[in-house]
Amino acid sequence: MLKKFKNNKYAFFISYSIIIAFSSLCCFWWFLYNHKTLIWKWDGLTQHYLAFLYCSRFFRQIVKTLITEHALVIPMWDMSIGFGSDVFTTMHYYGLGDPFTILTMFMPEAHLDKFFSLMYFIKLYIAGWGSTVFVRHHGVTKKGAIASALIYCFCVWSLLFGVQQLCFMVPLMTFPYLLYGADKVLEKKSPLIFIISLTYAGLSNFYFLYMLVVLAVSYVIFRYFINVRKFIIKDALIVAGKFILFGASAMMMSAVILLPAVMTMTSSSRYSADRNVPLLYQLKYYLRYLNGFTGNTQNGDWSVFGFTPMAFLAVVLMFTLKKRYTKVKICFIAMAATSLIPFGGFALNGFAYVCNRWSWGFALLAGYIVGLMIPEFGYINSKQKKVLAIAVLCYGIITSISFVSRTTDTRGITALLFLEVLVIIMMSASLDARKMQILICGLVFVGVFSNAYFRYSQYGMDQGMKEYLNFSEANKILKDTNADELTDEGEGFWRVEEYETPFERNSSAIRGAYTTNYYMSMTAPYVPNFIINNGLNVKRTYMFSNLNSRSILDALFSVGYAVVGKDGENEIPYGFTATGEYKDVDGDRVSVYVNENALPLGYTYDKWTSLDDYNKMTLAERQEAMLNGVVVENSTLEKTENTFESHSILKEIESNENVEVKDGKIYVKKDGTSAVLKVDQDFDNSELYLVLTGLNFNGASKRSQYTDEEWAELSPIEKVRVKASDKKADIDNSANIAFTYGDRYASINYMNHVNIYYCGQDDYIINMGYIKEDSSDQMRISFNKAGVYDFSSIDVVAQPMDSLSSKVAKLDEEHLENVKVGTNEITGNISVSKDKMLVVSVPYSTGWTAYVDGKEIEIKQANSLFMALELTKGDHDIKFVYRTPYMYEGAVLSCGGAVLFVLIMMYYGITRKRSAE
């Protein structure tokens, strides 16, 4: 029976399917047992599942319009995403172009969370099958291929990042097919698999496409010069030409969505900020490296491996085999070196910042090595056994003496490693080669299960399933709330700010609400530029929530309402009054406030301020300038004479024994200390700002915070703890700075040039709130970390609110009326008594085209973010139409790529037919 099954041509496929299914059940048993989805509470919900749900509705809307109106209408702009965003460039990172995502439109929303979880396992299965195809092509046995698939599928990249962020499964699924396709091209066979896999990568996720291409190009070069044939210039040029042709076909076919995304990415502050790249990682990175290679340990900078203890033993065994597997050894050394120096992660991350999100590529190599070594374990000699034992002993010593690797999971994986090498040494003498191979495969599975156990069980790193959502919970969190109807009664377009509400970040895109919240990986360049130019206190320039309660900005952004939870009352800006209306949302009372100074979607200026003058102003002056006149590069309107009401009230910064101020720097000698800023009390009816410009931070070690006398007084145990704390500490790339003024509190989490999330922001306005009267004469600034805080300037500014209503009323005198926000268009009409500039509080993009009375007109970039039109005196019909920038060009390229692909395949089909004849 068994022999008959082995002879079946589908035997390996069936065996693979059963083993992967069983392994998946074992590794994710805790999700089933606890009735959990694979939706992570944090980014998994607010970005990845949200995008999954959004894409489902997106495709359904297209089909519905096609059926009911017989028209192909593709939504390209959505005002409910942030301040308004392009759909394609925002959602491409999360799989809008992934062919698998199209399947979402066939699933009822009530079960979409289940389908989201199922999609992970589908991609896992496909990834594993690809790895078996690749490694078997390179001489690995069937048993070895199964072991390779287990290592690859269930590496910690997959168990951690693939689960938390579904789009991270794209490279894991694509990589083995891409390399296998490259092998076929090198062997002068059909390029079908290479082109299809590369096209899929381009359609699915631009970010990982870069890494896939870099690793694939490196692989092709290595294979050509080392593995394939003797180097001949003519032959090398032909091979290079083929890959360029096939790659061009794939990139062109995916260009319809890839080109717009890439053009947006290259201008994003997240990828263009000037960051420092250290020569080496911190010591703790290297101390944790062995733990991370086998288990769950995360080294920072997205460095995760988790290739199981058997991968470590396989690598050691491989290096004992002299004059064999030389090429594989070279590959391993190259990849290990890349993971050990920051520049490797920097280069493979598009020279944006240090990040090892390419470790799935290392996983394929680790699985391949295990697959190669499985037969070798059946013939190990006594010398090799000693080397394995010594290597494991060294591993245990290195990981046990390090303070940073003494965790439950690392102890468990280390114990498993010792147990596995003991079993191998003991059983190798009594088992034949075939049984030994089965044993090694079993040990691979044990390692995979152990990593999952320490990841998901209640005894693991994350203490169980608390970070994952129950079935049906995600939709309940993201979908419509009964509080949204409180702000639907006003006419026209109004944004809503949300303060301490139970609404999930980004959920406005699902609820269809117009808010000022956003947290997606990609933003158009003008939004982060506005944030930086105006010192908005946000976590990151692509992660913002509200406008820091700054009343002037709320007016300019057409914020008509504030929805406020029970803990958000103190954040309500000036000019917002309670409506008395409220709703209960999940047991929390949510009240609604209306902004008396809100400007409509389109308002008009009769004067302007030049962009050059604007850039020379202080941060506080800039927001006032946007009230006085529209900020543009040029205009035919009268130029405004800016006068500013904001004024400095800072007297001095008082030093103390722990905080010293000199030479434009603040020297903080101990963690958690503070200083006092003395201010004038002569201001009322104002918003109070603390303004920081040119901020930078360099941290100090715990040891340096003790004077010699204080250090001498510590006990030996206390001294050891301090030194251990310095060894464990992360590099000082961020600091929290808090501010208190009376009972008011605010803070910033500053990230310096070393931090991978640094976006170029060094200037901040921290709004301490509206002060009506009876102000204090001091403000306290607190530092959570010791170190040197460098400022170009630090100031406390009062921004009077006396004239806000009158200035807003002037801009509102002649505004856009009968506003309709439709699919990819905004329409309205307006009557102006003289030549004016119409500003529409919608983010500027080259994708917008404007028509005034049916004639196309130039759109100006206004106030560094919005769109503006110069209008002549009279009545006008206004229309804005949007098309994703570069999508038309991308569509043309895609059509050309498809034609090229057909021609290539026809050529290979004819060539193959002739060869057969």
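**Exercise 1. Work out why C331 forms no disulfide in this predicted model.**

Solution. Begin with the distance: the sulfur of C331 lies 18 Å from the closest cysteine sulfur, which belongs to C155, and this is too far for a bond. A disulfide requires two cysteine sulfur atoms within 2.5 Å, so the separation of 18 Å rules out a bond for C331. As for its surroundings, C331 is partly exposed, with a relative accessible area of 26%. Turn next to C355, which is likewise in no disulfide, the nearest cysteine sulfur being that of C167 at 12 Å. With a relative accessibility of 0%, C355 counts as buried. For the structure as a whole, the number of disulfides is 0.

**Exercise 2. Find which residues have the most contacts inside the largest nonpolar core, and which helix gives the most to it.**

Solution. The largest nonpolar core comprises 239 residues, and F362 and F377 are those with the most contacts inside it. Helix α20, which covers residues 359-377, gives the most to this core, contributing 13 residues. Leaving aside residues up to four places away in sequence, F377 touches M310, L313, A314, L317, L388, I424, M436 and I440. A second core, separate from this one, has 35 residues, among them I649, L690, M779 and I781.

**Exercise 3. Decide whether F343 is buried, partly exposed or exposed, and describe the surface patch that it belongs to.**

Solution. F343 is found in helix α19, residues 342-348. Its relative accessible area is 48%, so F343 is partly exposed. Together with Y210, V277, L279, L280, I341 and F351, F343 forms a nonpolar patch on the surface, whose accessible area is about 680 Å² in total.

Conventions. Residues are numbered from 1 along each chain as its sequence is written. This is a predicted model: local features need pLDDT of at least 70, side-chain atom pairs count only at pLDDT 80 or more; totals for chains, interfaces and linings use all residues. Side-chain values use heavy atoms; hydrogens and water are left out. A nonpolar core is a set of buried Ala, Val, Leu, Ile, Met, Phe, Trp, Tyr and Cys residues joined through side-chain atoms within 4.5 Å. Buried means under 20% relative accessible area, exposed over 50%, partly exposed in between (1.4 Å probe, protein chains only). Helices (H or I, at least four residues) and strands (E, at least two) are DSSP runs, numbered from the N terminus. Contact means heavy atoms within 4.5 Å. Patches are made of residues with over 30% relative accessible area and no salt bridge: like charges are joined within 9 Å, nonpolar side chains (Val, Leu, Ile, Met, Phe, Trp, Tyr) within 5 Å. Accessible areas come from the Shrake-Rupley method with a 1.4 Å probe; for residues, only the protein chains shown count as cover. A salt bridge is a side-chain nitrogen of Lys or Arg within 4 Å of a carboxyl oxygen of Asp or Glu.
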